Amino acid sequence: MAFPEDPLNARVEFAVGGVWTDVTEHTQTRDIITHTRGRTGEGQQVDPATCSLTLRSPDGLYSPRNPRSPYYGKIGRNTPMRVSLHAGQQRLLLPDNAPTARATTPSTTALNITGNLDARIEVSLTNWDAGSEVDLFGKYQTTGNQRSWHLSLTGTGGLLMRVSTDGNAVTGYLSTATVPLPPSGRIALRVTRDNTTGVVTFYTAPTINGTWTQLGQTVTTPAGAIFASTAPLTVGDIDTLAFTAPSGSVYAAQLRNGINGTVVADVDFTAPAIGAASFVDATGLTWTLANGAAISDKRMRFSGEYSDWPPRWSSGGHLVTVEGEGAGILRRLNQGKKALQSTLRRRIPSYNPIAYWPMEEGPDATSAFSPIPGVKPFTPRGFDFAADDTLPGSSPLPVIQVGASFVAPVPAAPAGTWQVEMVYNLDAMPVAETTLLEVRTSGKARRVRVRVMTGQVTIDGLDVEDDPVFSKVALAPNFTGVWNRLRLKAVPGTGGTTEYNLTWITIGEGSLGFSATATVTPGYVTDVRSSFGTGLDGMRLGHLAVFTTESFAFNYADHGFNGETAGARMIRLAAEEGLPLRVVGSISDTMPMGPQRPGTLLGLLQECADADGGILGEDRERLGLLYRPRASQYNQTPALVLPYTQRGLGALEPIEDDQDVRNDVTVERVGGSSGRVEALDGPLSVEDPPLGIGRYDDSVTLNLHDDGQTEAVAAWLVHLGTWDEARYPTVTIRLHRAPDLILAVLGITEGDLIRITDLPDFLPPGPIDLIVQGYTERIGVRTWEIDLVCAPGGPWMVGVTDSTARGRVDANPGGSVLALPTPADDRQPWCTLRARVCSARSRGSPASARAATHRISRSTSSSAGRPPAPKRLLRRPGTRSPAASRAAGVSPTAD
């Protein structure tokens, strides 16, 4: 028997005193568990997930204030909670509370691959973003030097292959690209090694059966046969290693002798019976599960926090219940109002400076505070605090007045390398030479000075008697008119020498440096000071830091990580704040961002999602966040296909309204210009009826990297807002009437595509493509319903220039035409429509308008280290919707 003949077997757990405890026996089975997550409509921000249920509370068991309860002091506000179902396909489950869970098979001669190696594993992990190395698969044991090979996931999302040729010495090699996590989280990983050449190649695939796509470039390692160890072949936590254990699901693992060679281990974790502790794989190997690993069909549906425990009781007190509601982590994050500090203020202390003064005080401050314990504030003269806010990586900084000076004492440290760095902005170099900065030390050169004048920079050192120790003069360009970093460091060399190096770095651009060498010891820094001379008034400065090693703490943080992709920023912010967050797809395909300014954590994350156009929601597998980028929603294979007559499918109720119509959109870049796009023809254009629908305008402000992105984003928003199809806001599926759909529905998440086929004649020809925005599910004992909140999927079918299926440009008569050229590094969303594009060159200034039958917007900016994304073209409309085709400005053609 199976569901619905058998109960659904929903499980409810609370982390009681930090230990997951099954409380299902006290869940009121007569009441439905209602779980809601995601958006409630297209384009809206995601609401916190909720899960409501009723618990029986015998003798006040679930009353946090009841001292007689064994749970007293162990439950209360924000107690972690999760709801799971036992449904769908079984697989190897590695729980997050079982840090040594593993599956192993003993070593055999066949498993010692001394020739070419080919290892494969199919997983769906919940700790992709662990921030540390995660074990995956290997034959590796440090005890007795029994190391052969080991495949792991790095803390930055790549793959790492370790190989030993003698069982002792190990070499490790990283993939040159990160793993592109699919929306489902399920992916197959593969590594091959040619022992003759030492070439290592990494791959990914949807399943362990392929098709395989190379991950990054090949990596060359020292050639030679892999050591034949006695270590067991292990999936999961590798014994004797101190890396993070994987948590989540493993579906299969395979080891081959030779690249695409003979299979010597072939374990399908979906084949053993649920609860099996030992089983035989397809090659005859016996596998054993240990330390919490299990073959299970448990699927998590909700992870959140239970903060409200309202008791209810009958008149005689015979029945005590708690009718509460769990909430996703967004509820708590939404209540956080404290702004994160500037990127420099957050980053520099993490590099362990011995002293640091941000100088981000308010306008009434008289002293500069240090966040480093044991470092005293300094009280300057002539500092106008909070007078300049133009440095992207900082909160407002002081401006120097005439006669300004300061002395910043530095705690004693071991003598040796030291580095002093700060940011400054000076309109023009002084005509006469004057001291910009002076560092006092305990070394022979007690005073190390940086002196500047027009076209010239001097670095010199004076002893305790003010006699010269060294001096170096350099002709240099005037680093003025923009924000710069000044870095002065002393590095001991050979033969009792010290190199004093001075470097100017124009923030976001280039640098220039020169050095002077003296036969002295550097000592340690005792204070940093300056009596700013004539010509330095009006200078802005801040973030004075002293290090005892060479440091790059200022890099990227100085410009607020300007140009960082939305996905990369989300991952960095989450890691800095210890917040679990998973980004699906390739982060390099997300939108380049402008500078990160101070703001709440959730506000900064949502700023990234808004700029990229994706969905920031919650991870149902754990208490954390999940980001679905815009690009990951393009051209999807449907996660669920439903014929119109599908048993269990609720009535479809299309809506023809103007709720989401936007045909005139202005996008303004924070601190920059704006772009405006209007749809000029088509049934949803700005024209008055009957030629159009009238004007539906909107304006958004986004933190984009450059002004060239504004028109592209506006065009994409108009594309979404003028898609001419009926909306199907809700699709209901009654799974107790269609249990064959359970496995597919279990995998559906926000941003997935579903398709409804075989429409009746009274509806327009199908299929109906819909993008899931969120859902509400009602879980009973023998009932299970889910309402999918949906938006049209048509606008998300886009062309790709390097695709044989979606890259047809003038492929046949009547095909689509590329009206304007687009560069290879273009990554902006764009669409073809007859539109008027208004470009405002500066905020608020009008500009001439131009009409474009086919509008392609592109950005000419670049970002260092950013690989080009596939060029995106508008989908070539099919024959189903002529109105949609006309709105897009192209003629319908047959595939």
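Reader: Is W716 buried or exposed?

Author: W716 is buried, because its relative accessibility is 4% and the cut-off for buried is under 20%. Keep in mind that this is a predicted model.

Reader: How do I describe an aromatic pair?

Author: Use the distance of the ring centres and the angle of the planes. Now take W716 with W796. Their ring centres lie 5.2 Å apart and their planes meet at 75 degrees, so the pair is edge-to-face.

Reader: Where do W716 and W796 sit in the chain?

Author: W716 belongs to helix α5. W796 lies in the loop between β47 (784–792) and β48 (799–800). The two are 80 residues apart, so this pair links distant parts of the chain. W796 is buried too, at a relative accessible area of 8%.

Reader: How many aromatic pairs are there by this rule?

Author: The count comes to 19 aromatic pairs. One of them joins Y634 and W716: centres 5.8 Å apart, planes at 75 degrees, and so edge-to-face. Y634 sits in the loop between β39 (624–628) and β40 (640–643), while W716 is in helix α5 (residues 709–721). That is a separation of 82 residues, and again the pair links distant parts of the chain. Y634 has 7% relative accessibility and counts as buried.

Reader: Which residues form one aromatic cluster?

Author: W357, F378, F383, F385, F406 and F532 do.

Reader: Which rings does the charged end of R190 sit over?

Author: One is the ring of Y203, with the charged end of R190 4.6 Å from the ring centre. Another is the ring of W212, where the distance to the centre is 5.5 Å.

Reader: Let's turn to strands. How do side chains run along a regular strand?

Author: They alternate between the two faces of the sheet. For pairing, look at β35 here. Strand β35 (residues 525–531) pairs with strand β26 (residues 397–409) in the antiparallel sense, over five bridges. Within that pairing, V407 stands opposite R529 of β35.

Reader: What is the sense of the pairing between β28 and β35, and over how many bridges?

Author: Strand β28 (residues 434–441) pairs with β35 in the antiparallel sense, over four bridges. To locate this pairing on screen, pick V439, which stands opposite V528 in β35. β35 thus has β26 as one partner and β28 as another.

Terms used: Residues are numbered from 1 along each chain as its sequence is written. This is a predicted model: local features need pLDDT of at least 70, side-chain atom pairs count only at pLDDT 80 or more; totals for chains, interfaces and linings use all residues. Side-chain values use heavy atoms; hydrogens and water are left out. Two strands pair if DSSP finds at least two bridges between them. Rings of Phe, Tyr and Trp (its six-membered ring) pair if their centres lie within 6.5 Å; planes under 30 degrees apart count as stacked, over 60 as edge-to-face and the rest as tilted. Buried means under 20% relative accessible area, exposed over 50%, partly exposed in between (1.4 Å probe, protein chains only). A charge sits over a ring if NZ of Lys or CZ of Arg is within 6 Å of the ring centre and within 35 degrees of the ring normal.
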